[in-house]
Amino acid sequence: MVIAIDLGSNTFRVALIKKEQNGFSNEQIYEKIVGAARGLNESGKIGEEAKNRLFVAIAESKSKFDFAKFKCVAVATEAFRVASNSEEIFSEIREKFGVNFHIINGQAEAKLTFLGVQNALKKLDINDKFSIIDIGGASSEIGEEGKFISFKFGIITFYERFKTLGLMQENAKIYTKEARAFLASLNNKFITLTSGVPTSIAALKLGLNYENYDAKKINGSELKMSDFDHFISALLKLDEAAANVAVGKDRKFPLIAGTLLLKELLSEQEAKFIVIDDGLREGVGAAYLKGIFQEIITKF
């Protein structure tokens, strides 16, 4: 078994991954919103508050997982690819917590995410060819086996740039233009949607909230184009306290931003949209247990 960590531009996710006869499974999971990309547009750095939230999350995960018994493999994504103080933060993490993070590029991130999604689909007995869309906090990864691109837009950076619903609606189509064209070039019999935006939409549709969220119920659920507008409308009707219960603290408007981006990405698609909770975290664990993790992060 291996402890796999995905430090995204918004969420810190940890899982103890176990190899099984039919693939890989999560024996134990933990996640926390750390908002690493908050303020990144303006400062070019990971902010002090985000750093503190990250350190709290690492400390909590260290208290829950047996880091002394299992190997830990940790990756960090777009916010840390561009922030000027990433190495300084990771040096402090190594010293305080003994965790070594690999800052991976967008293509390696997409490939590892693909492996995590593929494993989940196999468990659902879905073996058809598929594409993935992973809208993160500061970047979005799109592709299919052997063909991946990382695009420089994400829910935190997009929201912080435009702030208001009107401006986000005006600019979502512009921001996703190249990504839509790439997606159209793929063989999209069905598209798997992973990350916090589609899983939150699926959760609301299933009557779940942030506290009783259940990945097993989410995996394999289907979304329609009408679900995006319904989700935005439902969130706009909630005050801050109710939204925090429904989708998590301070996630209301970033999720609306991400939904607008996802809606534009999929606007020209006729494929089936399947939601999968598993992603980069699970792919990191699967790749390590297969012995191909190092090859993937150095190849791309």
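**Notebook: two sheets and the helices around them**

I started at Thr-157 and, setting aside its neighbours within four places in sequence, I found Thr-157 in contact with Asn-41, Gly-137 and Ala-138. I note at the outset that I am working from a predicted model. Thr-157 belongs to helix H6, which covers residues 155–162. Its relative accessible area is 13%, and since the cut-off for buried is under 20%, I entered Thr-157 as buried. I then looked for a polar partner of its side chain, and found the backbone oxygen of Gly-154 at 3.3 Å from a polar atom of that side chain.

**Six-stranded sheet**

Next I traced the open sheet of six strands, whose order I wrote down as E8-E7-E6-E9-E11-E10, with mixed pairing. Strand E8 (147–151) and strand E10 (221–223) are the edge strands, each pairing on one side only. Ignoring direction, I recorded an average turn of 25° between neighbouring strands of this sheet.

I looked at one end of the sheet more closely: strand E7 (residues 140–144) and E8 run antiparallel and are joined by five bridges. Within this pairing, Gly-143 has Phe-148 in E8 as its bridge partner. For the helices against this sheet, I noted that H9 packs on it and touches E9, E10 and strand E11 (272–275), with its direction at about 100° to that of E10. Helix H5 (residues 106–123) lies across strand E6 (131–135), E7, E8 and E9, and I put its run at about 115° to E6.

**Ser-195, between E9 and H9**

Where does Ser-195 sit with respect to strand E9 and helix H9? I found Ser-195 in the loop between strand E9 (190–194) and helix H9 (196–205). I entered Ser-195 as buried, because its relative accessible area is 16%. Its contacts, leaving aside neighbours within four places in sequence, are with Asp-134, Ile-135 and Ile-276. One of these residues, Ile-135, also has its backbone oxygen 2.9 Å from a polar atom of the Ser-195 side chain.

**H9 against H11**

I followed H9 to its meeting with helix H11 (residues 225–236), where the two axes come within 10 Å and cross at roughly 80°. I therefore described H9 and H11 as roughly perpendicular to each other. On the H9 side I listed Ser-200, Ile-201, Leu-204 and Lys-205, which meet Asp-227, Phe-228, Phe-231 and Ala-234 in H11.

**Five-stranded sheet**

I then turned to the open sheet of five strands, which has the order E3-E2-E1-E4-E5 and mixed pairing. Strand E3 (23–33) and strand E5 (101–103) stand at its edges with a single partner strand each, so one side of each has no neighbour in the sheet. From one strand to the next I recorded an average twist of 20°.

Strand E2 (residues 11–20) runs antiparallel to E3, and I found 10 bridges joining the two. Among the paired residues, Lys-19 has Phe-24 in E3 as its bridge partner. Helix H2 (residues 48–64) packs on this sheet, touching strand E1 (2–7), E2, E3 and E5, and its direction makes about 140° with that of E3.

**Ile-89 in H4**

I looked up Ile-89, which lies in helix H4 (residues 86–97). Is Ile-89 buried or exposed? With a relative accessibility of 2%, Ile-89 counts as buried. Beyond its neighbours within four places in sequence, I found Ile-89 in contact with Ile-46, Lys-51, Leu-54 and Phe-55. I also took the separation between Ile-89 and Lys-163, which are 74 residues apart in sequence and, C-alpha to C-alpha, 28 Å apart in space.

**Two covered helices**

For helix H13 (residues 252–266), I recorded 15 residues and a reach of 21 Å from the first C-alpha to the last, close to the 21 Å expected at 1.5 Å a residue. Of these 15 residues, 13 are buried, so I described H13 as largely enclosed by the rest of the structure.

I ended with helix H14 (residues 280–290), which is mostly covered, with eight of its 11 residues buried. The buried set that I wrote down is Leu-280, Arg-281, Glu-282, Gly-283, Val-284, Gly-285, Ala-286 and Ala-287. These buried residues of H14 pack against E1, E2, E3, strand E4 (71–76), H5 and helix H15 (293–299). After H14 comes Gly-291, for which I noted a positive phi, near 80°.

Conventions
Residues are numbered from 1 along each chain as its sequence is written. This is a predicted model: local features need pLDDT of at least 70, side-chain atom pairs count only at pLDDT 80 or more; totals for chains, interfaces and linings use all residues. Side-chain values use heavy atoms; hydrogens and water are left out. Helices (H or I, at least four residues) and strands (E, at least two) are DSSP runs, numbered from the N terminus. Buried means under 20% relative accessible area, exposed over 50%, partly exposed in between (1.4 Å probe, protein chains only). A polar contact is a pair of N or O atoms within 3.5 Å; within protein, one must be able to donate a hydrogen and the other to accept it, and residues adjacent in sequence count only if both atoms are side-chain atoms. Contact means heavy atoms within 4.5 Å. The expected span of a helix is 1.5 Å times one less than its number of residues. Two strands pair if DSSP finds at least two bridges between them. Axes are lines fitted to C-alpha atoms, for helices over the stretch in contact, and angles run from 0 to 180 degrees between N-to-C directions. Angles under 35 degrees count as roughly parallel, over 145 as roughly antiparallel, 65 to 115 as roughly perpendicular and the rest as oblique.
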